[in-house]
Amino acid sequence: MTTTEMDCATAESLVDAYLDGELPVAEALAFERALESCPPVRRRLADARALRAGFQALAYHRAPAALAASVENLLPQPARRPAMRLDAGWMRMAATILIALGIGWLGGRYLPLPTGGDETAEIVAGYLRATMAERPVEVASSDRHTVKPWFSGKIDYAPLVYDLTTEGFPLLGGRIDLIDGRKVAVLVYRRNRHTLALFTWPDAARSAPTMDHRDGFAIEGWAQNGFAFRAVSDLAPDELKQFAAALGARLEADR
Amino acid sequence: MGMIDPALAARFRALVLPHLDAAYNHARRLTRDPTEAQDLVQESYLRAWRYFASFHGEAAKPWLFRIVRNTFVSMRDKRGEATAPLELADVDMDVGLAELHGMSQAAPSPERVLMEADTRRLLEESLDALALPLREILLLREVEELSYKEIATILDIAIGTVMSRLARAREALAAELRRRMKES
């Protein structure tokens, strides 16, 4: 990038682009330096800023409730399945009893996913955040040795990272999301045109995979090698199971 | 696509529904009529939902705004109202530009007067007085704060055209403000 001086005429022609945030960094810096020696450009910039402030003071018309309702009616309504709600304390106790009875991993089959609150809803919301973002991942790499270190300092644990390209689930990269108020590692995989997000956090208990469904998304949850895993996608449930099995096999091999 | 309907609806809720207020505000300022704005947004969302299977994860807001715009044009066409101004060739707007440039040197800056009280109405009126394509591009940039690239997508024009039309729109607005201030 050039570090040469910008003349006043050039600077004047770039006032709008500068204020609109459309100048490349080097040019924006040259523009700012030029301001010092170009009073007319400073005046134009002040004018443009004042106009912007005027726009920001304009009334913002919110959609009337009737319109919001009729738009909502265009969509198929989500089926609300009545779910058995258990409080976290009771569940922890129940899990302890099950483990004590020596049927530890079987318990996962019959218990809802652990932790309080509506975890499934949070996982689905986290999945949608990943797929709606301009970039579904904050660190883009299929290399586990790039993705894993990226998490250090951002969350308080080191997640287990595997690229499953050979199994048909290439790793796109990683991101961070909040589940139950806690920062959680999310690994993003691709399957054909679908995105799969894997949420993972430390969990000493071991539990076998169980599948849950919400709003058309499938969520496969289990715990293994000291970590809990929640794989979520709009994939067919069978394909999600395939993913869980592939990851489970890798984890087992590294145990 | 293989995505089942409820998943599609959940995605639509998460990606497109949050822009309802923005779409309505934009429609209000585009049509200048609350009833027409409601019809426009309702019809736009209907189309958006219908086309949603072909949405491939690009930014949702420009995608929706492009539908709003196309719906606006087709609704006005249906009512036999000319939307010619929306398609106004940009060269047409060159007329009088030189004159505007001359004026902008003279009078005290109208933009800065906006900082004073009771000038919001002045801006509203000046904005409403602008030709539709100029008003439209100013709203997309100043109110919706969309990037040049996003505006280019919505209006289906080149980025260079976005820049020149935006510059013309700003000049025209300043001239309109100046004229109204002189009157009052």
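In the predicted model, strand β5 (residues 207-214) of chain A runs antiparallel to β6(A), and 6 bridges join the two strands. Within this pairing, A:His213 stands opposite A:Ala218 of β6(A). The connection between β5(A) and β6(A) is a hairpin with 2 residues between the strands, and A:Asp215, which lies in the turn, has a positive phi of about 50°. On β6(A) a further antiparallel pairing is found, here with strand β7 (residues 227-233) of chain A and extending over 7 bridges. One of the bridge partners in this second pairing is A:Ala231 of β7(A), which is matched with A:Glu220. β6(A) and β7(A) likewise form a hairpin with 2 residues between them, and in this turn A:Asn225 has a positive phi of about 50°.

Strand β6 itself, spanning residues 217-224 of chain A, is mostly covered, with 8 of its 8 residues buried. In a regular strand the side chains alternate between the two faces of the sheet. For β6(A) both faces are covered: one side carries A:Phe217, A:Ile219, A:Gly221 and A:Ala223, the other carries A:Ala218, A:Glu220, A:Trp222 and A:Gln224, and all of these residues are buried.

These strands belong to an open sheet of 7 strands in chain A, ordered β1-β2-β3-β4-β7-β6-β5, in which the pairing is antiparallel. The edges of the sheet are formed by β1 (139-140) and β5 of chain A, each of which pairs on one side only. Elsewhere in the sheet, strand β2 (residues 171-179) of chain A pairs with strand β3 (residues 182-191) of chain A in the antiparallel sense, over 8 bridges, and A:Gly173 has A:Val188 in β3(A) as its bridge partner. Helix α9 (residues 144-151) of chain A packs on the sheet, where it touches β1, β2 and β3 of chain A, and the direction of this helix makes about 20° with that of β2(A).

The largest nonpolar core comprises 43 residues, and the residues with the most contacts inside this core are A:Val186, A:Tyr189, A:Ala197 and A:Leu198. The element that gives the most to the core is β3(A), with 6 residues. When neighbours within four places in sequence are left aside, A:Leu198 is in contact with A:Val186, A:Leu187, A:Tyr189, A:Phe229 and A:Ala231. A second, separate core holds 41 residues, including B:Tyr24, B:Ala48, B:Ala60 and B:Val162.

Chain B has a secondary structure of 10 helices and 0 strands, so that its pattern, read along the sequence, is α-α-α-α-α-α-α-α-α-α. Of its 184 residues, 37% count as buried. Among the contacts in chain B with a separation of 6 or more, 71% are accounted for by residues 24 or more positions apart. A pair distant in sequence is provided by B:Arg29 and B:Leu139, which are 110 residues apart along the chain and 8.0 Å apart in space, C-alpha to C-alpha. B:Arg29 lies in helix α2 (residues 20-31) of chain B, and this residue counts as buried because 21 C-beta neighbours lie inside 10 Å.

Two packed helices are described by the angle between their axes and the distance between the axes. For helix α9 (residues 148-155) of chain B and helix α10 (residues 159-183) of chain B, the packing angle is about 100° and the axes are 9 Å apart; α9(B) is therefore roughly perpendicular to α10(B). The residues that meet are B:Tyr148, B:Lys149, B:Ile151 and B:Ala152 in α9(B) and B:Ile159, B:Val162 and B:Met163 in α10(B). By class, this contact contains 6 nonpolar, no polar and 1 charged residues.

Between the two chains, 35 residues of chain A are in contact with 42 residues of chain B. On the side of chain A that touches chain B, at least two residues are supplied by each of α4 (39-56), α5 (65-72) and α8 (119-132) of chain A, and the largest share, 8 residues, comes from α4(A). The residues on this side of chain A divide into 21 nonpolar, 5 polar and 9 charged.

Technical notes
Residues numbered from 1 in each chain as written. Chains lettered and ligands numbered in written order. Predicted model: local features only at pLDDT ≥ 70, side-chain atom pairs only at ≥ 80, totals over all residues. Helix = DSSP H or I, 4+ residues; strand = E, 2+ residues; numbered from the N terminus. Buried ≥ 20, exposed ≤ 12 C-beta atoms within 10 Å, placed from the backbone. Contact = placed C-beta atoms within 7 Å. Axes fitted to C-alpha atoms, helices over the stretch in contact; angles between N-to-C directions. Parallel < 35°, antiparallel > 145°, perpendicular 65-115°, else oblique. Nonpolar A, V, L, I, M, F, W, Y, C, P; charged D, E, K, R; others polar. Pairing = 2+ DSSP bridges. Core = buried A, V, L, I, M, F, W, Y, C linked by C-beta atoms within 7 Å.
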